[in-house]
Every structure is written in structure tokens, then in C-alpha cells.
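Hi,

Here is the structure you were after, with some notes from my look through it. Have it open while you read.

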Amino acid sequence: MQQRTLGRDGLSVSAIGFGAPTFSGDAPPGGLDNAIAVIHRAIALGITLIDTADHGDGNNEVVLGEALAGRREDVVLCSKFGNLRGQSWAKGRTVDGSPEYARKALEASLARLRTDYLDLYYLHRVDPAIPIEDSIGGMVRLKEEGKIRHIGLCEAGPETIRRANAVHPIAAVESEYSLMTRDYEADTLPAIRALGIGFVAYYALGRGFFSGAITAPPEDNRRSVPRFSSENLPRNLEKLQALKEMAASKGCTPGQIALAWLMHQGDFIVPIPGTNSIPHLEENAGAAEVTLSAGELDALEALFPRDGGLAGDRFDRDRSGELNI
Ligand SMILES: NC(=O)c1ccc[n+]([C@@H]2O[C@H](COP(=O)([O-])OP(=O)(O)OC[C@H]3O[C@@H](n4cnc5c(N)ncnc54)[C@H](OP(=O)(O)O)[C@@H]3O)[C@@H](O)[C@H]2O)c1
């Protein structure tokens, strides 16, 4: 697998990473043995960037901890703190970026992941209640203690990123980015590129949309995504049809084109598709070999333009009208 570098401190990672799929309950869909087999296959394919978070009370980290026993040094292990959505104890609070919480959350993540350090630790959501300098300052102390090696941010805007980077070099910003969500191209991606920060793209497959696997409104945790509603999905699938035709003519899959498109947007960008399936994982890893011509990039631009390719928002909205990111 080709390598890419995240940030100016030279964190080297596979050009395509693995986003450990989130799940609720004790076992991932397909069961624990399957989830572990997928992670082992990812490592065998040369995928080193393994991404998770402490969401769902950390059940995903427990799975990774088991899968990575004896293989910890083979991966660049990333987790996150501060997004309290989905934490059963949080009682309606949605974010905590305080240094005290960072320390507490990291200790819990390290225990679940069965390791004594993370290669990359992200602030999962910027806390509007405290200055970003304080959040990063807390993470710098964890780095000085050797508990984390690099610092990242998720879903942050350019000014926040600049302020954070002034406290300590940020290795990576992780946000949603794909042919269906291009909002960050206007000002965030240029700022990230200029600062020499890496960009990790989550929902790189549009939560499965670009793979062609979604043909009806999903019944799972994607059921509230407006793009997949019974009203919007049929219109969006019409656009996908053109992508499928391009893929067929190239001898690859539409999902591979979606991942290859991301990688063509800059060598500081690394997609982290998630899957519970070894065949899907292998297909996704194969996207690293797919090249797109200038004509194909133009055709994709026309199909999924920067200012709104698909019908419907990327997330639903809360009662105040804010996106539930
Ligand atoms: N930083 C943040 O704030 C943030 C927020 C959300 C998510 N994330 C991270 O992003 C990562 C990926 O998210 P995600 O897995 O939900 O979204 P995704 O990568 O866009 O899509 C995954 C979905 O696509 C399907 N899929 C994947 N490859 C496929 C293939 N080749 N063919 C057919 N279907 C395929 C998967 O189903 P199968 O299992 O059947 O393959 C799954 O339903 C996760 O690690 C997650 O933690 C980060």
C-alpha cells in the first residue's frame, strides 16, 4: 500500500485507512470474530491507519483492543474524545473538550484498546464553552507524558484550526468529505493544506452510498440521514447510476472511484472507509490503484458539483436547527 504523510511532524500512514465501523450493543454486525478477521486482513493488506473513537461507550475500542493484541506496533492507532453524543452517561451533554475530560477519556480508551499510547488523538468535537487553546493545551500535556504521539481535530473550521495549530502542530483534521459532502473545500481544506496538516476523510463512501449498496432508505442508524429519505434517495440514485456506468467502463467499482477521487484532491488526504466485510475491505483497498484522468475528474465534477451534488442534508437537524454532526 502506498504511504501518505499526515502533518509536518511526519506521521506516515497508508494511503487508505480503516475506519472501524461504529455499532451499538456488545458485538459488531457480523459478530466479534468477523470484526477481528476484517482488522487482521486490513493489516495484511498494508493498511496501517486504524481509526476509532470512544463513541458507544467505547465498545468499538474493545473490539480493536482484542484484534490488535500482539499487532499494536503494526498500526497507527487513532482515537478521539469529547463527543458525548451516544454516551449513555452524558445525560444530554453533547461535547466536553476540557483537559480534565481529555485525560479521563484517554485513560479509559487506552485500557479498552489495551495499549499505553495512541499514535493520534483527536478532539472529536470542538467545545464551544472553552477556548480551543485550552483543549489543545490539555492534549499537549498528554503528549509530553508519552500517552499520545500526535494531535488531531475533527469537524473544526479554519480559524479554530489556525488557533489550535499555533499552540501545537496539528497532525490531522478528520471531517466528512466525499463526492457528496464537499463543504470544506471552500475554506477549510485550503487552510489545512497551507498549514501542512493532514486531512482524514470520514464517510468517504458516503456511508455506503457510493458503493451502490444503498437501494432503499436504510433501516439502521442511517435512517435519519436526509439524503437517504424516501423523498431524496431516488433522485440521488439517478446520479449514482452515471457513476456506476463510469466505473463499469473503467473496470472498477463506483466505490473505488469515490475513494480515488478523494485521493486525487491532494496528497495530504487519506480516506478511512469502514466495513464489516473482508471482500468490501479488499475492494476499498484496491482504490489506491485507481487513477482518474482529467476528463473523468471533470465528469465527476459535473455529476457531484462542489456546491450541492445531492438532494438532502448530510445529517438531520436538532430542535434548534443545527446539524446533528
Ligand atoms: N471523526 C468523526 O467525527 C467521525 C464521524 C463519523 C464517522 N467517523 C468514522 O468514519 C469511519 C467510517 O464511517 P462509516 O463506516 O460509517 O462510513 P463509510 O466508510 O462512508 O461507509 C461504510 C458503509 O459502507 C458499506 N461499505 C463499505 N465498503 C463497501 C463496499 N466496498 N461495498 C459495499 N458496501 C460497502 C459498509 O457496509 P459493510 O459493512 O456491509 O461493508 C457501511 O455500511 C468510522 O471509523 C467512523 O468512526 C468519524
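Below is what turned up around the ligand, then in the pocket and the cavities.

First, a caution: this is a predicted model, so please read everything here in that light.

**The ligand**

There are 28 residues around the ligand, and Arg-125, Arg-207, Thr-275, Asn-276 and His-280 come nearest. Sorted by class, that shell holds 12 polar, nine nonpolar and seven charged residues. If you want a piece of secondary structure to look at, try helix H9 (residues 278-286): with three residues, helix H9 makes the largest contribution to the shell.

Which backbone positions have a polar atom 3.4 Å, 3.2 Å or 2.8 Å from an oxygen atom of the ligand? At 2.8 Å you will find a polar backbone atom of Arg-207. For Leu-205 the distance from a polar backbone atom to a ligand oxygen is 3.2 Å, and for Gly-19 the corresponding figure is 3.4 Å. As for how covered the ligand is, on its own it exposes 910 Å², and the protein buries 86% of that.

**The pocket**

Where does the ligand sit? The space it takes is the largest pocket. That pocket has a volume of about 1800 Å³. It is lined by 47 residues, and those closest to its centre are Pro-21, Thr-22, Tyr-203, Arg-207 and Asn-221. So you will meet Arg-207 again here: Arg-207 is among the residues that come nearest to the ligand and also among those closest to the pocket centre.

The pocket lining breaks down into 21 polar, 16 nonpolar and 10 charged residues. Helix H9 turns up once more, giving the most to this lining with three residues.

**The cavities**

How many cavities of 30 Å³ or more are there? The count comes to three, and the largest holds about 70 Å³ of space.

The lining of that largest cavity is made up of Phe-18, Ala-20, Pro-21, Phe-23, Pro-28, Ala-35, Val-38, Ile-39, Asn-60, Val-63, Thr-275 and Asn-276. By class, nine of these are nonpolar, three are polar and none is charged. Helix H1 (32-44) and helix H2 (59-67) each supply at least two of the lining residues, with H1 giving the most at three.

A few names appear on both sides of the story. Thr-275 and Asn-276 line the largest cavity and are also among the residues that come nearest to the ligand. Pro-21 is another cavity-lining residue, and Pro-21 is also one of those closest to the centre of the largest pocket.

Cheers

Key
Residues numbered from 1 in each chain as written. Predicted model: local features only at pLDDT ≥ 70, side-chain atom pairs only at ≥ 80, totals over all residues. Heavy atoms only, no water. Near = heavy atom within 4 Å. Polar contact = N/O pair within 3.5 Å; in protein donor to acceptor, adjacent residues only side chain to side chain. Areas by Shrake-Rupley, 256 points an atom, 1.4 Å probe, with all protein chains shown as cover. 1 Å grid on protein atoms, 1.4 Å probe; cavity = no way out; pocket = protein on both sides within 12 Å on 5 of 7 lines; lining within 4 Å. Sits in = over half its atoms within 2 Å of the grid points. Helix = DSSP H or I, 4+ residues; strand = E, 2+ residues; numbered from the N terminus. Nonpolar A, V, L, I, M, F, W, Y, C, P; charged D, E, K, R; others polar. Points joined across faces, edges and corners; volume = space filled by probe spheres on them.
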